[in-house]
Amino acid sequence: KLIRMRVGDDQQDAEYSRRISKALSDSLDDSSLCSLAAYLPSIFELIDYNCKKQSAVEQANFSHWKLVFLLTQFMYVLLELDRPIMLVLDDLQWADASTINLVLGNILDSVSNSLYAHRILFVVLYRDNEVCDEHPLVAQLVRLRQSESVKIKEMPLSTFSKGDICSMIASELRLTTRIVAELGGIVHRKSSGNILFAVEVLNSMVRNSVIHFSLKLCRYQWDWDNISSLKTEENVASFIITTISTLQPKFLQTLRILSCFGYNIDVAILCLLDTSCIVPFGGIRNPLRYLVDIGIIEMAGSLVSFTHDLIQQHVYEGIALPQRQNLHFGIGVFLGSKTTFNAAATGPGIYSLEFGIDQMYISESKIDGDFIISERSLLSIATDHINCAGPEFIVDQKQRILFARWNLKVAKELSATSNFRCALHYYKKGIQFIGHDVWIHSNETGDQELCLDLYEGAAAASSATSDLATVEYFVNIVFRNVHFERSLNAWVILIVSLESSGKYAEILEKGVNLLRRLNFDIPASPPSPKEIKDSLVTTLRIASQFRIEHIKTSYHSTGILNQDKRNIHNKNLFKIFDAIVIATYNTSSPYLPLLAFEMMQYSLRNEFYEPEAAIAYAGFGYFNIMLRNDFKSGKYWANVALEMLKQYTISTAARVKWIIHAQIMIWFIPLEDTRRNLLEIAKTSMKLGDFLTEIYAIRLSSRCAFFGGENLSIFSQLNIRNLKNTVKYNTTQGTETAVLDQIMADELRGENSNPFKVFKGLINNEDDLFKRASLTNNTSSMMNVQYRRFFSSFWKGDYDAAESSSKVLLSLRMTNLLLIYFTFYRGLIAFRRYREDHSEDKLRNGFDVIIKIESWLQHSPSLFENKLLLLNAEEQASLPNIDKAKSLYLSSIKSAKDCGRVHEQGLACELMGQFLLTVANDRPQAMIHMKNAHTCYLQWGAFGKAAELAEEHGLDTSSVSPTGISSKH
């Protein structure tokens, strides 16, 4: 319609179309437009742009979440203009879960939370008698009814009443409803109120002259005797079948062929079938015209459809099972014979899967001059018919192997477009065709690769749909039937699936055993500090021979993608390493540094510098900082990892960048820049379909906002939105983190948003969460609870509780962002506690923190300057050195203000006020700084903290406003 607007006579429509065209060009880059064109081919007629066909690699990298992102952006472009839009979704009872979740979940949620939600109306049509409780549409409808952002109006539509039928007849025959009342009752009874069947009954009466025009009466009349003798069936479907059964054999055979394709069929397929021996003698063109004329089928564009799906259902079910199977088999074999894939597979290399796939290409075959169908679609349709015939119908094992290859090919195509549920269906069908006994003879027949591809494909598709039990079923069959060296890819699938399910302890156990079987020097029990140190020394010695030019030289000599078997083996190894590293990180396992060093050594010794190895170099950089305090080396190895990723984009690239920016570069750049980098990583992760890294990046960027002094009201809004996303992605750990962050923000704001409600009664409070984490030994969740308790206790001034939590946190691994602020607050607590009990241990702890932050200051003055000044002020206040302490407090206040960190400015004001009250005995000046602290907390949005401060010190806040103190925030 937008294209027609562009060339139409209406100037407003033409201008609107041009604005849409410009907005699309401005909002989406060339790559995104090309990807979107795969689903909306006519988009380039709108924006006058020709896109080259996507390569196989580009198609493989296209994911479900990238599709969500592009379609959402497309909707935003339409909605930002000034016209309302109505989107009609019909027959959703037949839609699969992925389609329903895409439209009613991802896209509708995004649009409904936008500023332009009032400009769009979604109209959803479905048959409630065909939607059971387990149907995916039901879950979405329940969610939408509970949604606060989506207004929903449900309108049940019933069949036509007797009065409706009478009104329709009266209108058509130009008579009063009184005259047609009895006729209307008969038609209503015969059609059960179904309007399609009512029209068919009336048409049959007209054809048989039961209803005719009377010249004498100058109106329509009907013959009651003939109406009474007209055969009547109680069941409407039986009535239609009775009508169809009177058709000539060639028309009935044509209908049976059509019914095998479902509700509709592409004209191109019919044109192709017209050349086969399956259709009636003389072809199907004339029967099609007749069936259209009598209203059983209809043609619209390139589709031939039944006028009602019930007709198709009864025609199809009326075919005897053996005849139906034979019909499906004949259609499938004939259509499959027209593909180059079948030609290749039935040639000399029938059992060579690689040969078949290599020879398969996507071509556009023009049929009958007017209609086009792709070979990919043709093979998919042929495979569907073979599957309907079923493996039990086919006794020849060679044919079964061939059809298993068809299913494999279709499944791989679907996986490449992230349609994993459908892909799993074809993988399972392929497995049914080869049979479970094929493994026994697969080495002799050369079919082991086919078996491996089918079972690994089924496991991978199950992993993508978060079905861990099914993943384990398929990979365990692979483990039992192939040598260990051949099962490495199945191990990758299993471990990645365990990672998606958050089963980190199981990953660690299986991963360590797997690496030991691969002859890596990994101890069976957690490594000792000496073992870690020895591995570090070895890695440093090997790494000292490395130069960054080696990467460029390697790519120049071997090409960007080296796909030999050894290289594929290495890629799989690093995928396993990647998942195990995340597991060790989330469980604070001592295996983490040892694994990082083993990865690094393997890459250097084998000169494997491809992008998959980048995680090893990022990890090595991280541990140079954490274990050796060597920030220069840490940054160097991070840059090496980034250099590797320049060559080619892989699915784990975003995760490597997350490690680099979250754990390494955070020491060198302002916190605001780290936050921006993480948000960009989240965006990239979504495009790549790596939703776990997306959650990690969003979660840490949110914490950067909190610790960077973002207004807490804005932070809470963003965090709640992120919380909804983590629930949607079903990431338990991400949800827990967002809930705990919200509790901390709520306490500072003096509110209670009850974030635990997202768990729907499974977890009601923080104690429930901690108990659950303790039972499952989930150290990451326990760390998050203790981290929340520590920071909340600090801001409340409950230093006993803060110290209790800090003792637990010291034994756990945390992100460097948390480490920075944990260290800073712990130093402040140490000096405060020393002034209370004069414990030398507390003073030494404070001095140790100052030394540590002094070493950090040289790498990022903007991040650490005000913190070090405040710690020095607390140190001088503890000695005490009053004049020097005052000067340092004021310097810290100014430094925080210059950096725009209003919360740390308020903290420095509060601590100076406490110092003036308790050490310097200067209450008037102390109250001035307390009021300044109060104002800063109001600016931060910490209304609860500000109220507590005012109550504790009896501050007069009647004239105080959030804008009463200057700040760059």
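Okay, let's start with a word I'll use a lot: a residue is buried if its relative accessible area is under 20%, exposed if over 50%, and partly exposed in between, using a 1.4 Å probe and protein chains only. Take Phe794, which is buried because its relative accessible area is 4%.

Before going on, a bit of housekeeping. This is a predicted model, so local features need pLDDT of at least 70 and side-chain atom pairs count only at pLDDT 80 or more, while totals for chains, interfaces and linings use all residues. Residues are numbered from 1 along each chain as its sequence is written, and side-chain values use heavy atoms, with hydrogens and water left out.

Now the overall picture. The chain has 49 helices and nine strands. Those are DSSP runs numbered from the N terminus: helices are H or I with at least four residues, and strands are E with at least two. Of the 969 residues in the chain, 53% are buried. About 44700 Å² of the chain is exposed, and carbon and sulfur atoms supply 52% of that; the areas come from the Shrake-Rupley method with a 1.4 Å probe, and for residues only the protein chains shown count as cover.

What about contacts, meaning heavy atoms within 4.5 Å? If you take the contacts between residues at least 6 apart in sequence, 67% of them join residues at least 24 apart.

Let's zoom in on Trp856. You'll find Trp856 in helix H44, residues 840–857. Is Trp856 buried or exposed? Trp856 is buried, because its relative accessible area is 5%. Setting aside neighbours within four places in sequence, Trp856 is in contact with Phe631, Trp667, Ile820, Thr823 and Phe864. Pick Ile820 from that list: Ile820 and Trp856 are 36 residues apart in sequence, and their C-alpha atoms are 9.4 Å apart in space.

Next stop, Asn719, in helix H38, residues 712–729. Asn719 is buried too, at a relative accessible area of 2%. Which residue does the side chain of Asn719 reach with a polar contact? The partner is the side chain of Gln742, at 3.0 Å. A polar contact here is a pair of N or O atoms within 3.5 Å; within protein, one must be able to donate a hydrogen and the other to accept it, and residues adjacent in sequence count only if both atoms are side-chain atoms. Leaving out neighbours within four places in sequence, Asn719 is in contact with Ser702, Ala738, Asp741 and Gln742.

Now some aromatic rings. Rings of Phe, Tyr and Trp (its six-membered ring) pair if their centres lie within 6.5 Å; planes under 30 degrees apart are stacked, over 60 edge-to-face, and the rest tilted. That rule gives 52 aromatic pairs. In one of them, Phe520 and Tyr602 have ring centres 5.4 Å apart and planes at 45°, so we call the pair tilted. This pair links distant parts of the chain, with Phe520 in the loop between H28 and H29, Tyr602 in helix H32 (residues 591–605), and their positions 82 residues apart. Both Phe520 and Tyr602 are buried. And here's Phe794 again: the rings of Phe794 and Trp795 have centres 5.6 Å apart and planes at 80°, so this pair is edge-to-face. Trp795 is buried as well, at 3% relative accessibility.

Rings can also have a charge over them, meaning NZ of Lys or CZ of Arg within 6 Å of the ring centre and within 35 degrees of the ring normal. Arg83 sits over the face of Tyr16, 4.4 Å from the ring centre, and Lys867 over the face of Phe824, at 5.9 Å.

A few backbone oddities. Asn519 isn't a glycine, yet has a positive phi of about 70°. Asn519 is in the loop between helix H28 (504–517) and helix H29 (529–543), and is exposed, at a relative accessible area of 71%. Ser209 also has a positive phi, near 60°, and is partly exposed at 44%. Then there's the peptide bond from Leu879 to Pro880, which is cis, with omega near -15°.

Last thing: how many disulfides are there? A search of the whole structure finds zero, counting a disulfide as a pair of cysteine sulfur atoms within 2.5 Å. Why does Cys260 have no bond to Cys388? The sulfur of Cys388 is the closest cysteine sulfur to that of Cys260, but at 7.9 Å it is too far for a bond.

Conventions. Contact means heavy atoms within 4.5 Å.
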